[in-house]
Structure formats: C-alpha cells, structure tokens
Amino acid sequence: MSTQGRMEGLVVVVTGAAGGMGEAHCRRLAGEGAGILALDLESSATTARLAEIVEGIVADGGRAAWRTADIRDISELGAAVTDGLAELGGGPGRAPRVDAVVANAGVYDVPGPAWEIDDDVWNRSLDVNLTGAWNSIRATEPHLADGASLVLVSSTAGLKGIRGAGQYVAAKHALVGLARTLAMELAPRSIRVNTVHPGSVATPMILNEQIYRRLRPDLENPTREDAAEALAARNLLPVPWVEPEDVSEVVLFLSGPESRFITGQQIAVDAGLTTA
Ligand SMILES: NC(=O)c1ccc[n+]([C@@H]2O[C@H](COP(=O)([O-])OP(=O)(O)OC[C@H]3O[C@@H](n4cnc5c(N)ncnc54)[C@H](O)[C@@H]3O)[C@@H](O)[C@H]2O)c1
C-alpha cells in the first residue's frame, strides 16, 4: 500500500501563515507532502510563530521555509517569495516551481455603517484584503508551474452583505471578480483560480472581545459563549463556527490535482450560512 501524500512533490505558497487558518493550511498541505513557503507580516508575535510552524513541519519530516513580508508591498513580497523559494529548493538558482498559492492573509473590522467608515479603515481593508491578494498573485506568477492552482480566500462576506463591515464586504466581493478574470487569463496554461468562502471560523479574527460586543450589544460583558449563540443562529447546521481545519480540507482539495477541472468557482465552507 503506497503512503504517497496527495501533494507529494508539489510546492505551495501560503500568506497569512502565522494566523489561525493560514497555519492550519500549512500543516495540512505539508502533511500531504507539499513543500511550504509560509509568509506573514514581520512582528515579534508573527515571526516567532512562523518559525515555530515551519520547525514543526520539518520535525515531522516535511519541507518548509518561512519569510516575512507585508503583502501590501509588492517589492517586499516579491523578494520574500524569490528568496524563500530558493531556500526551499536548496539554494540560489534551485528555486522550485510553485504549484499552488493560497492567498489567505486578511484583516477584518466591523466599524459601522458604510457611510461612516474612516478612510484609514476603508483603505486598510482594500489594501490588505484585495490589493494584498493581487500582489500575492503578481509576486508568484513568474514562478508558477503550468497546471498550478490559485486559491483566493474570500469569505461569506464575498457572497452577501454584512451590516457594519462594508469595507470588508467590498474587498471580499472584489476578490471574486479578480479570481474569475484570472481564471480566464490563466486557463491557457491550465492554471486554475478559485475563491473559498469561509463562514465564521474559530480563529482570533472573530474570537475576540470586540467582535463579541458587536454580536451581543444587548450584554455588558459578552463572552465567547454569548457570541456563539448569536453566530449559531445564522447557520443551518447546529454549530456557531467551523474549525480552521475544515477550511484546510477545501484548500487542500482546490490546491491539488484532484480538482484539476475546477476553475472560476466560489466554494463556501459556512455551515449553511449563505443558504440560511
Ligand atoms: N475567521 C473567520 O471567521 C473568517 C471568515 C471568513 C473569511 N476569513 C478570511 O480568512 C483569512 C484568514 O483569516 P483568519 O481567521 O485565519 O485570521 P487571523 O487574523 O487569525 O490571521 C490572518 C493572518 O494574516 C496576516 N496578515 C494581516 N495583514 C497582513 C499583511 N498586510 N501582510 C501579510 N500578512 C498579513 C496576520 O498577521 C495573520 O497572521 C482572511 O483572509 C480572512 O478575511 C476569516
């Protein structure tokens, strides 16, 4: 019986790799044999986390490298990709081709009605969630193998509105248009481009006091359990959120050859949120 992983010999670039879902994607893809280039912002917390995740993958017998870059900065990101791939391949001039890109990094706020959103909050969302994903494609395109897969992480906010988060909804919807266009432009090279649309996912992005207060304005000090009640009411399936690993399963499927004829699609992992 072969123990060959589903991603054996393939190379995947993951942005936002030090965060909740990004970390889960790195671990799941590496567990199936993919070589991982893990990228995230430079900060004391994220840099240490990136190193830890990569060391864990290597200790388990996998291949991985990490670099820091702000995805808003195309030259910083381009250098991190080139440099990180060289390390993964064993030195300069030996950088492997990239078989999948998971443009996962993002930021979320619920600042209030769209007409009241500050310029800073609006611009940050568009810069990170939309331009950052575009930059992630631009920075990796010169390295892409024919037949590669691009996975842009949108949100259920890329399929429907969310009151109070117009800047996020606008950016996440725009990713769908970008992915559809890229799917057309890259199809001659058999490169596929799809968006993933998580609903609520148990990561620091939503499991924090600010979001609990937004979800339960009726309570003075809402807890995680109070927030869970509000979120569960939005889903068809009887859960408040899905786990990062549930999204990783779909990212794995879309990144690898099992989905070789799926392109230009929007796949929701949302416990029925967009159907409810
Ligand atoms: N958590 C949810 O409920 C949820 C739901 C739908 C979609 N999403 C999307 O899924 C993706 C992952 O979210 P998460 O929940 O894991 O969030 P998270 O906050 O745990 O992780 C996001 C990561 O992105 C990184 N990042 C932020 N700005 C960056 C920048 N400018 N350059 C490089 N890296 C940057 C952060 O450092 C962090 O490690 C995001 O695109 C998010 O919008 C999340």
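Biologist: What makes the approach of the K172 side chain to the ligand a polar contact?

Modeller: In this predicted model, an N or O atom in the side chain of K172 is 2.9 Å from an oxygen atom of the ligand. A polar contact requires a pair of N or O atoms within 3.5 Å, so the K172 pair qualifies.

Biologist: What distance separates the side chain of Y168 from an oxygen atom of the ligand?

Modeller: An N or O atom in the Y168 side chain is 2.6 Å from a ligand oxygen atom. This value is within 3.5 Å, and therefore the pair is a polar contact. The backbone also takes part: an N or O atom of G20 lies 3.0 Å from an oxygen atom of the ligand.

Biologist: How much of the ligand's accessible area does the protein cover?

Modeller: On its own the ligand has 830 Å² of accessible area, and the protein covers 91% of that.

Biologist: Which elements give two or more residues to the shell around the ligand?

Modeller: They are α1 (20-31) and α5 (166-186). The ligand is surrounded by 30 residues, the closest being M21, D40, N104, Y168 and T203. The shell comprises 15 nonpolar, 11 polar and four charged residues.

Biologist: Turning to another residue, why is H143 called buried?

Modeller: H143 has a relative accessible area of 14%, and buried means under 20%, so the term applies. H143 is found in the loop between α4 (119-140) and β5 (144-153). Leaving aside residues up to four places away in sequence, H143 touches V81, T82, L85, R97 and V98.

Terms used:
Residues numbered from 1 in each chain as written. Predicted model: local features only at pLDDT ≥ 70, side-chain atom pairs only at ≥ 80, totals over all residues. Heavy atoms only, no water. Near = heavy atom within 4 Å. Polar contact = N/O pair within 3.5 Å; in protein donor to acceptor, adjacent residues only side chain to side chain. Areas by Shrake-Rupley, 256 points an atom, 1.4 Å probe, with all protein chains shown as cover. Helix = DSSP H or I, 4+ residues; strand = E, 2+ residues; numbered from the N terminus. Nonpolar A, V, L, I, M, F, W, Y, C, P; charged D, E, K, R; others polar. Buried < 20%, exposed > 50% of the residue type's maximum accessible area, 1.4 Å probe, protein only. Contact = heavy atoms within 4.5 Å.
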